[in-house]
Amino acid sequence: MKFYTADAGTDEQVAAIGFGSNLGQSRAILTAAWRELGHCPGIAPIALSSPYRSQPLEMISDNWFVNAAALVRTTLSPEALLRVLQAVETRHGRRRDAAASAIHRDRTLDLDLLLYDDLLLATGRLIVPHPRLAHRLFVLAPLAEIAADLLHPGCDKMIGVLLTELRQTDHNQLIERIAW
């Protein structure tokens, strides 16, 4: 993520976060989560994309998603940022259980750490960049809106290029930009 650099001498990093919801008042939930992140120590908001309505992918549901992407500056480690994201999800009604962790299901709020500066990381709890980022139109479209020139360090391609490539090859993912 060399496109967005922190001021020299600071330990701030830029992180990209994916937002999603397909239960409840999704747009209101996403904006509330965005405001809440802005009040968390160690996180400073940069930009939030428009919302996008998207058909559920890799799951069966009648509930379409509302997705967005955000950029934040953070002094938190990737693991600490993930814990904050999961705490915000929980406060907005997200439930996780170990038995169903591999199953995609309806959710009030999903916050995914997509990118963390130019970091490549794989632990038992966290993979950065997000492993399916380059294959999900509902992530790439909002992220490209606010950071098309951001480099995906795993693919060595800019987000805008990944979006163009995906739109040319995958015509099954349905999304539309909507208003807040």
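**A buried salt-bridge network and local backbone features**

At 13% relative accessibility, aspartate 110 counts as buried, and in this predicted model the residue takes part in a network of charged side chains. Salt bridges that share partners join Glu89, Arg94, Arg107 and Asp110 into one network. The structure as a whole holds eight salt bridges, among them the contacts described in this paragraph. The side chain of aspartate 110 meets that of arginine 94 at 2.9 Å, N to O. Because aspartate 110 lies in strand S5 and arginine 94 in the loop between helix H2 (78-91) and S5, this pair ties together parts that are 16 residues apart in sequence. Aspartate 110 also forms a salt bridge with arginine 107, at 3.2 Å from N to O, while arginine 94 is paired in addition with glutamate 89, at 3.5 Å from N to O.

The partners of aspartate 110 in this network are likewise assigned to the buried class. Glutamate 89 has a relative accessible area of 0% and is therefore buried, whereas arginine 94 is buried with a relative accessible area of 16%. Arginine 107, with 10% relative accessibility, also counts as buried, since the class comprises residues under 20% relative accessible area.

Burial was examined in helix H3 as well. Ten of the eleven residues of H3 are buried, so this helix is largely enclosed by the rest of the structure. The buried residues of H3 are Leu137, Phe138, Val139, Leu140, Ala141, Pro142, Leu143, Ala144, Ile146 and Ala147. In an α-helix there are 3.6 residues a turn, so residues three or four places apart point the same way.

The loop that precedes this helix contains a peptide bond of note. The bond from valine 128 to proline 129 is cis, with omega near 0°, and proline 129 lies in the loop between strand S7 (127-128) and helix H3 (137-147). Most peptide bonds are trans, and most residues other than glycine have a negative phi.

Positive phi values are found at two aspartates, each of them placed in a loop between strands. Aspartate 117 has a phi near 50°, a positive value in a residue other than glycine, and is located in the loop between strand S5 (110-116) and strand S6 (121-122). Aspartate 156 has a phi near 60°, again a positive value in a residue other than glycine, and is located in the loop between strand S8 (151-152) and strand S9 (157-158). The two residues fall into separate accessibility classes: aspartate 117, at 16% relative accessibility, counts as buried, whereas aspartate 156, at 59% relative accessibility, counts as exposed.

Cysteine residues were considered with respect to disulfide pairing and accessibility. The count of disulfides comes to zero, the criterion being a pair of cysteine sulfur atoms within 2.5 Å. Cysteine 40 counts as buried, at 13% relative accessibility, whereas cysteine 155 is partly exposed, with a relative accessible area of 34%.

Note on methods
Residues are numbered from 1 along each chain as its sequence is written. This is a predicted model: local features need pLDDT of at least 70, side-chain atom pairs count only at pLDDT 80 or more; totals for chains, interfaces and linings use all residues. Side-chain values use heavy atoms; hydrogens and water are left out. Buried means under 20% relative accessible area, exposed over 50%, partly exposed in between (1.4 Å probe, protein chains only). Helices (H or I, at least four residues) and strands (E, at least two) are DSSP runs, numbered from the N terminus. A salt bridge is a side-chain nitrogen of Lys or Arg within 4 Å of a carboxyl oxygen of Asp or Glu.
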